[in-house]
Amino acid sequence: MTVLYDLRDSKNFADLTLTVWDYGPATVVELSGEFDAYTAFELRRHLALYPSGRLVHVVMDLRKLGFVDSAGIAVIVALSKQATARNGSLRLVVPENHLLVKLRRMGLVKLWPVHDDLESALNAIARLDETSAETSTAGTG
């Protein structure tokens, strides 16, 4: 699978860079830098500007994130709740690093599927989308 990077939105908030783009049924939210109380507030405010239908199946790519505090984690939890309320999902792309250790200690890895790379997360969402399409067409026959 080739990831398409056209039509992406990039924004900087102090030491955090946000890049958002769509790939099939998924919206990829890539974060790089430091995700702290200030940048979490700004990120939440910025994401609220997106149409509600855009953040249904969300893949958060956190591979370039150097630091995250509890305010950053709270934004991830909020995105997850929003996606679930829209019958969607949240998936994380996190390498084996300090952030994954932190998420494990907090018991949060039980809430979301965690992937080593973006491709596997996008493939998982594509499979979910295919399954839901098959289920909805089977119910109409």
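**Helix α3 and its sheet**

Student: What do the buried residues of α3 pack against?

Tutor: This is a predicted model, so let's start with who is inside. In α3, residues 98–105, the buried residues are Leu-99, Leu-100 and Leu-103. They span an arc of only 100° around the axis, so they sit on the same side of α3. That buried set packs against β4 (57–68), α2 (70–85), β5 (89–93) and β6 (114–115).

Student: Which residue caps the N-terminal end of α3?

Tutor: Look for a side-chain oxygen by the backbone nitrogen of Leu-99. The two atoms lie 2.9 Å apart, and the oxygen belongs to Asn-97.

Student: Which strands stand at the edges of the sheet?

Tutor: The sheet is open, with 6 strands in the order β1-β2-β3-β4-β5-β6 and mixed pairing. An edge strand here has a single partner, so one side of it is left without a neighbour in the sheet. That description fits β1 (9–13) and β6.

Student: What is the bridge partner of Asp-61 in β5?

Tutor: β4 and β5 run parallel, joined by 5 bridges. For Asp-61, the partner in β5 is Val-93.

Student: At about what angle does α3 run to β4?

Tutor: Take α2 to begin with: it lies across β3 (26–35), β4 and β5, at about 175° to β4. α3 packs on the sheet too, touching β4, β5 and β6. Its direction makes an angle with that of β4 of about 115°.

How values were computed. Residues are numbered from 1 along each chain as its sequence is written. This is a predicted model: local features need pLDDT of at least 70, side-chain atom pairs count only at pLDDT 80 or more; totals for chains, interfaces and linings use all residues. Side-chain values use heavy atoms; hydrogens and water are left out. Buried means under 20% relative accessible area, exposed over 50%, partly exposed in between (1.4 Å probe, protein chains only). Helices (H or I, at least four residues) and strands (E, at least two) are DSSP runs, numbered from the N terminus. The arc is that of the directions from the helix axis to the C-beta atoms. Contact means heavy atoms within 4.5 Å. A polar contact is a pair of N or O atoms within 3.5 Å; within protein, one must be able to donate a hydrogen and the other to accept it, and residues adjacent in sequence count only if both atoms are side-chain atoms. Two strands pair if DSSP finds at least two bridges between them. Axes are lines fitted to C-alpha atoms, for helices over the stretch in contact, and angles run from 0 to 180 degrees between N-to-C directions.
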